[in-house]
Each structure stands twice: as structure tokens, then as C-alpha cells.
Amino acid sequence: MSDALENSQARQRLRTLGEALDSGALQQVARILNGGLSPSDIAHLLESSPPRQRALLWNLVDKSLEGEVLQYLSDDIRSYFLSKLNAQELASIIEDFESDDLADLLQQLPDTVIQEVLDTMDDQDRQRVEEVLAYPEDTAGGLMNTDTITVRPDLSIDVVLRYLRRHRSLPPMTDSLIVVNRRDEYIGVMPITKMLVSSPSATVREVMDTDIEPIPVTMADTQVATLFERYDLISAPVVSENGRLLGRITIDDVVDVIREDADHSLMSMAGLDEDEDTFAPVMKTTKRRAVWLGINLITAFIASSVIGLFEGTISKVVALAVLMPIVASMGGIAGSQTLTLVIRGMAVGQISAANVSWLLNRELLTGVLNGILWALVVSVAATIWFGDPMIGLIIAAALVINLIAAALAGTLLPLFLKSRNIDPALAGGVILTTVTDVIGFLAFLGLATLIYG
């Protein structure tokens, strides 16, 4: 009930803020921004505003809130605001950043600025950030936070509790302590809930859990997300190749990975970046989309050239020009269904060499059955429409051929692209559409040429 009330109050504050902006009451806007909205709400408001209004709102955000707001912004918008800050301003707003969040932020800056910011930090903080920066952003090392609490297995629970009480607070998302030996090699974890109900005289070794496997520092972030989802983890230790503890990954960072992957899959199918700014300026948006439109134009020319091969046949039988789009469209839709299913299966780790042949057979059989079903429907409609049973037979055969080809391409294409380190979500749709268009036109017009000459 309290969460619903808080959400309602937040929406009301956002409405009041919008009204104040429209009326030009900047003092009221600043008061609502800095006194009534959370950093995540402010970030959402900035992302939902056109460029000029966004710049105005950012200038009204209190300096003490800027760092927290930046953490919630998309990369595209965050980069814009970061470009307006110098090294000293950056250093002042990142004081309370966790090492993984700070590393993410710094990776969006030029190397010279990164070094300037690192030079303003104390040795311990700089070492933590540099350790995270040493790993690619899309790996466990890039996700991890080096702020961990470790204990030795020979300590008693009573000693550990007294050690914890010396801290002002525990790192966020601390659900367990990490157990290491004297060489900082990972041994296991000790859940805090288990520790609190154990005898004070018991040792950490007696209470700890050794079943939790650590995450290799080089593991891909998507695999990390899969592990968190599969085992309902809140945090997990990250280790080097020799088993030395490097840090931990927490669920809040994994949620970001899951969201980014979902955005990436959705936006890539249209040739857009997952961090595409909804309110980006016209010229910036035009440049980004022009490349993808150019690629699509090339594929359209390929499909058109196939049609051009049968120009003589089309001029003889005008009905072919009318019915051509049906064959291509049905193949495109069927192929997209298979492609989407396979890409999703690959993303969640469900598809492997052991089951891909079963999946291919299933999709081919589905293509055959759907092809026969809709071939019958379309052939009857075409025969009635043009009064020519042969036209109905041609389009029926072409539909079956194209739906089988669509199933084959939709299954194998993402696997092939992945083996070549090409993103299937980005390139799969365009290639698939080209394949189904070309095969559909070839089958339909080729059969018509054989029959009508």
C-alpha cells in the first residue's frame, strides 16, 4: 500500500513539475527537482524531455544530486552531460560512486580526461577503479564491485560480528560475507541470515556455504545474468583465473544487463542502438538511421533485380504482379517468427549443438504444414479472383517453397552469424528478408515462366 502511495505521489510531483515548466516558474521547478524527486525520477524526466528543455532541467539540478542522476541516465544522454564537465567537476560529483558504476562512467570519457579524474582520487579508490577498468565492460570484471567484506574460515562467529559492528554500514546488497584464505583465494560464502542464527562460538568454516561457485572474471555479462536468474542470486563473488577473489557482482548491475539486452534485441531489429535517445536532435538521428536505410536499399535492389529477370513473363500475365507481394510477405513473416524464437533461445542459453537438429526439423515441419494450409487458401482465392486455376497452383507451390526456405533460414541464419561474431539481432532481420524475398520471387515467377513461357 505504501509503495502504491509513493508511486502516486511521484506521478503527482512529475505532473506539477510539467505544469511549472510550461508556465516558466523555474524556482518552483528547481524546488520540486531537488526536494521532491528521487535521482531515478529526475533521470527519467531528463530522458523524457526534448534537448532544450533537458538542458534547462539539468542546470536546475542541485550539484549534490548530479552524480546520482548520472548513474540512472542512458549512455547516450550521460555522455552528452559528461562532455560539458571538466575533470575537477567530475571528481567532485563521483565521490560516492561505487567502483563498477564509476568505471562505467569513465569508459565514456576520452583517455586524457580519465587520467585526470583518476589523478584526483586517493590511492585506494584509484586502485579499485583501475582494477575494474582493466576488464571489458561486457564481462564479469567490468560488472564487479571491488567493495567487499571478506573473512577467514578459522574465525568464530562472535569475532566476525564484532568486526562487522566496527563498520558504519555494509556495502549495498550485502547478503553474505566472502570467505577467503590468507592468499585471498576464494573458499566459500557465509550468508548473513545463517550467521545470525548460528552459535557465537561456531567457526566460519562450520557455517559457511561452499556450494556457491564463483564467477570467472572473464565471463560474459549475459552469462552472468543467466546464472543470477537461474540460481536467484543477490550477489556473487568474482575470481581471477587462479581463484583469487577480485570483487563481487550484485543484482542491481545484473538487472541493468538484462534490461540492456532486451533493449538491444528490440532496437537492433530496426538497426538502432539500444541507447538511442528518443529526443535526439534531427541531424544526429538522421545520420544514425541513414546507414541502415542504405543497407536496406541495397537488399531491395537485389530483390528488384530478381523481379527484373522475369519482366517478360510479368508483362504477359499481369496477375503475377498483383500476387507477388503475397508470397514474399508470407515468407518474411514466417521467417521472422523462427528467427525471433532462435535468437531468444540463443540469448538464454537454451540452444546448443545437441538440440539444434531437433529444432531445425520442427521448424521445417511447421513450415511445410503452414505452407500447405495457406497455399490452399491463397490458391482458391487467386483462382476465383483471376479465373485461372493455373495461377492458383503456381502461387500455392511458391508459398510452400518459400515457407520452407523461411524456416530453414530463420533457424540456421542466427547460428551462422553468431559463429562469425556478427550480432544476429542486428543483421538477421535484413538478411532473412532478402532471402525470403529472393526465393519467393524466384519460385513464383520461375514457375510462372515455366508454365506460361
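Here is a short walk through the model, from the whole chain down to its nonpolar cores.

Before clicking, note that this is a predicted model, where local features need pLDDT of at least 70, side-chain atom pairs count only at pLDDT 80 or more, and totals for chains, interfaces and linings use all residues. Residues are numbered from 1 along each chain as its sequence is written, and side-chain values use heavy atoms, with hydrogens and water left out.

**Whole chain.** Show the C-alpha trace: along its principal axes it spans about 90 × 60 × 50 Å. The radius of gyration is 29 Å, while a compact globule of 453 residues would have one near 22 Å (C-alpha atoms; the globule rule is 2.2 Å times the number of residues to the power 0.38).

**Cartoon.** Switch to ribbons and you get 22 helices and six strands (DSSP runs: H or I of at least four residues for helices, E of at least two for strands).

**First core.** Select Leu33, Leu90, Leu105 and Leu106, the residues with the most contacts inside the largest nonpolar core, which has 38 residues. Such a core is a set of buried Ala, Val, Leu, Ile, Met, Phe, Trp, Tyr and Cys residues joined through side-chain atoms within 4.5 Å; buried means under 20% relative accessible area, with a 1.4 Å probe and protein chains only.

Now centre on Leu106. Which residues does it touch, leaving aside neighbours within four places in sequence? Ile114, Val117, Leu118, Val129 and Leu133, with contact meaning heavy atoms within 4.5 Å.

**Second core.** Apart from the largest core lies another, of 29 residues; pick Ile314, Val317, Ala375 and Val438 among them.

**Zoom out.** Colour by burial: 42% of the 453 residues count as buried.

Definitions and conventions. Buried means under 20% relative accessible area, exposed over 50%, partly exposed in between (1.4 Å probe, protein chains only).
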